[in-house]
Amino acid sequence: MDNNQKRNLTFFTIGLIFMLSGIEYAVILPTIWRYLQILEAPPYFLGLGLSAFSLSGLLTGPIFGFWSDRCKTTKSIILFSNLFEIAGNFMYFIGYSKWLLLSSRLVAGVGAGAGSSIFGFLTQSTRPEERAGIFAAIMACRQAGLLVGPAFNLFLRLCDFKLGPFVVNKYTSPGIFMCLLWVLLQCVVLAMYWDVPPISSEGGAMMVEMKQEQDDDDDGDGDEEAPLMQRSEESAHTYRAVNSNQPETSTSDETETALGATAVSDPFKNFSVSREFLREEVVVLLTAQFITLFNQTALETMVTPLTQRYFGFGELGNSLMYGLCGVEVILGFFFVRWLSSKVADRVVLAVGLVICCTACVWSLVFLCNPRGGYEWELTAFIIGVFLQLLGLPFVAVSQVSLFSKVTAEKTQGFSQGVRRSVGGLATIMGPLWAGGLTNNLYIMLGMMLALLLLITVMAALSYERLVEPRAVQSADGCDSAG
């Protein structure tokens with residue numbers, strides 16, 4: 001199996017990981033409140049339970065990222081982190097007390113921290129021009145999990161039997177179901193995930209292709225596969241160990257020296273947190289990450305009470321609405337995947353921010369004080385939600401892709417951990433903000449709009465810097481030569 005096949009299977013496995021994370025959220029969320037009530041938990045435990053998962057991921061993301069940057073591997077990290085998902089969901093299944101249930105979400109959240117290592121791996125194993133498309137597909141996988149998750153609840157709610165000393169019912173069954181899915185995923189990771197050699201952003205991929213073509217001409221068909229794999233690894237590692245401007249040689253001594261230098265090199269040597277994360281373009285993208293997830297989770301918190309108050313939606317109506325929203329978001333991600341191959345990431349970001357601002361203005365005008373008949377109010381609500389969800393994939397994909405390009409490639413795991421921690425903080429604060437303001441939409445939506453206007457102004461002022469540094473240097477070089 002050549003590196004390209006391994007790479008495709010690895011990306012497929014990553015898609016499954018993100019899909020399972022979406023399924024877990026969609027399976028547990030509808031029943032956790034009633035589950036807590038049965039365990040005689042006070043109402044605030046619902047907020048604690050939902051926030052505990054994000055809190056664990058927020059704290060462990062940078063740690064897993066740092067680990068992957070140091071050891072140059074992600075497979076072992078994924079296998080290790082999945083153990084926390086398995087343990088956490090089994091604890092949820094046991095459900096002995098409200099404290100055990102809260103602890104189960106904390107433990108499962110540790111497993112989500114491996115996402116930083118995965119995004120770091122994706123950055124190092126993709127070319128800049130294809131990266132946004134890959135990120136869009138991976139994010140769409142999680143949305144697909146959110147979409148199909150409720151379908152599993154259709155049969156999980158019918159469970160009513162005993163498994164040894166444990167009771168399996170519609171409240172405990174999501175825990176054992178997700179536990180089994182994560183166990184199966186462990187087998188998939190063992191069989192179909194490889195730590196494929198990284199692709200250099202500055203020509204390593206081209207070196208690989210040139211070496212492969214040369215091997216095809218010199219070696220023939222009989223022994224084609226082994227030299228290709230060997231030389232692909234050589235070129236990728238050699239690029240990082242020696243100056244790419246030096247004449248390329250193929251002696252084994254130089255290759256071994258390069259590989260040895262790579263093995264012992266410390267990616268965090270001379271690394272500075274302030275120099276890496278307090279640059280203008282990085283601050284803008286981290287702010288975009290926070291505001292995007294803050295507004296998204298605030299919207300999710302607001303929608304259900306709003307539909308119940310104005311339109312009388314019950315469980316079926318809300319499920320149908322969430323299903324249609326999921327379809328829209330998935331289609332949006334795939335549209336952005338196509339669009340990102342045509343235009344620059346910063347253009348996609350600008351389009352997304354304009355759409356989100358438009359959606360917020362629409363909601364302020366037509367939803368805070370609805371007028372007219374039922375049909376007009378429902379139409380205005382549908383348009384507002386449609387616009388909110390339409391802008392989400394544009395902003396989400398472009399800011400992740402840009403962030404991977406403006407931060408150091410050798411420390412991507414840690415950098416992505418910081419980015420995901422910022423997002424985790426937003427997913428905790430968003431519901432807390434919206435939960436207390438469902439009866440005062442002017443304040444809630446006004447804050448969302450103010451945040452969007454803030455990041456839009458920041459992005460406009462920093463537009464010239466929202467590009468891969470190498471591209472800026474190349475343009476400057478051309479101007480100087482001219």
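1. In this predicted model, Arg127 and Glu130 form a salt bridge in which the closest N and O atoms are 3.8 Å apart. Arg127 itself is partly exposed, its relative accessible area being 27%. By the rule applied here, the count of salt bridges comes to 9.

2. A second salt bridge joins Glu276 to Arg279, with the closest N and O atoms 3.9 Å apart. The partners fall into separate exposure classes: Glu276 is buried because its relative accessible area of 9% is under 20%, while Arg279, at 22%, is partly exposed.

3. Glu280 forms a salt bridge with Arg465, and here the closest N and O atoms are 3.9 Å apart. Glu280 belongs to helix 12 (residues 280-311), whereas Arg465 sits in the loop between helix 17 (441-461) and helix 18 (469-481), so this pair ties together parts that are 185 residues apart in sequence. Glu280 is partly exposed, with a relative accessible area of 37%, and Arg465 is likewise partly exposed, with a value of 42%. Through salt bridges that share partners, Glu276, Arg279, Glu280, Glu281 and Arg465 are joined into one network.

4. Turning to the aromatic side chains, the count comes to 24 aromatic pairs. One of them is formed by Phe277 and Phe414, a tilted pair with 6.1 Å centre to centre and 50 degrees between the planes. Phe277 lies in helix 11 (residues 273-277) and Phe414 in helix 16 (residues 412-435), so the contact between their rings ties together parts that are 137 residues apart in sequence. Both Phe277 and Phe414 are buried.

5. Phe311 and Tyr374 make an edge-to-face aromatic pair, at 5.9 Å centre to centre and with 85 degrees between the planes. Since Phe311 lies in helix 12 and Tyr374 in helix 15 (residues 374-406), the pair ties together parts that are 63 residues apart in sequence. Phe311 is buried, with a relative accessible area of 9%, but Tyr374 is partly exposed, with a relative accessible area of 42%.

6. Elsewhere, ring pairs link Phe64, Trp67, Phe80 and Phe84 into a cluster. Two arginines are also placed over aromatic rings: Arg142 lies over the face of Tyr25, at 5.8 Å from the ring centre, and the charged end of Arg419 sits over the ring of Phe119, at 5.0 Å from its centre.

7. The largest nonpolar core holds 91 residues, of which Ile14, Leu122, Met302, Phe381 and Leu445 touch the most other members. Helix 12, with 14 residues, gives the most to this core. A reader following the surroundings of Ile14 will find, once its neighbours within four places in sequence are left aside, that Ile14 is in contact with Ile118, Phe121, Leu122, Ile138 and Tyr193. Apart from the largest core lies another of 12 residues, which includes Ile28, Ala41, Phe45 and Ala52.

8. Helix 12 deserves a look as a whole, as it recurs in several of these points. Glu280, which pairs with Arg465, lies in helix 12, as does Phe311, the partner of Tyr374, and helix 12 also gives the most residues to the largest nonpolar core.

Key
Residues numbered from 1 in each chain as written. Predicted model: local features only at pLDDT ≥ 70, side-chain atom pairs only at ≥ 80, totals over all residues. Heavy atoms only, no water. Salt bridge = Lys/Arg side-chain N within 4 Å of Asp/Glu carboxyl O. Buried < 20%, exposed > 50% of the residue type's maximum accessible area, 1.4 Å probe, protein only. Helix = DSSP H or I, 4+ residues; strand = E, 2+ residues; numbered from the N terminus. Phe/Tyr/Trp six-rings, centres within 6.5 Å; stacked < 30°, edge-to-face > 60°. Lys NZ or Arg CZ within 6 Å of the ring centre and 35° of its normal. Core = buried A, V, L, I, M, F, W, Y, C linked by side-chain atoms within 4.5 Å. Contact = heavy atoms within 4.5 Å.
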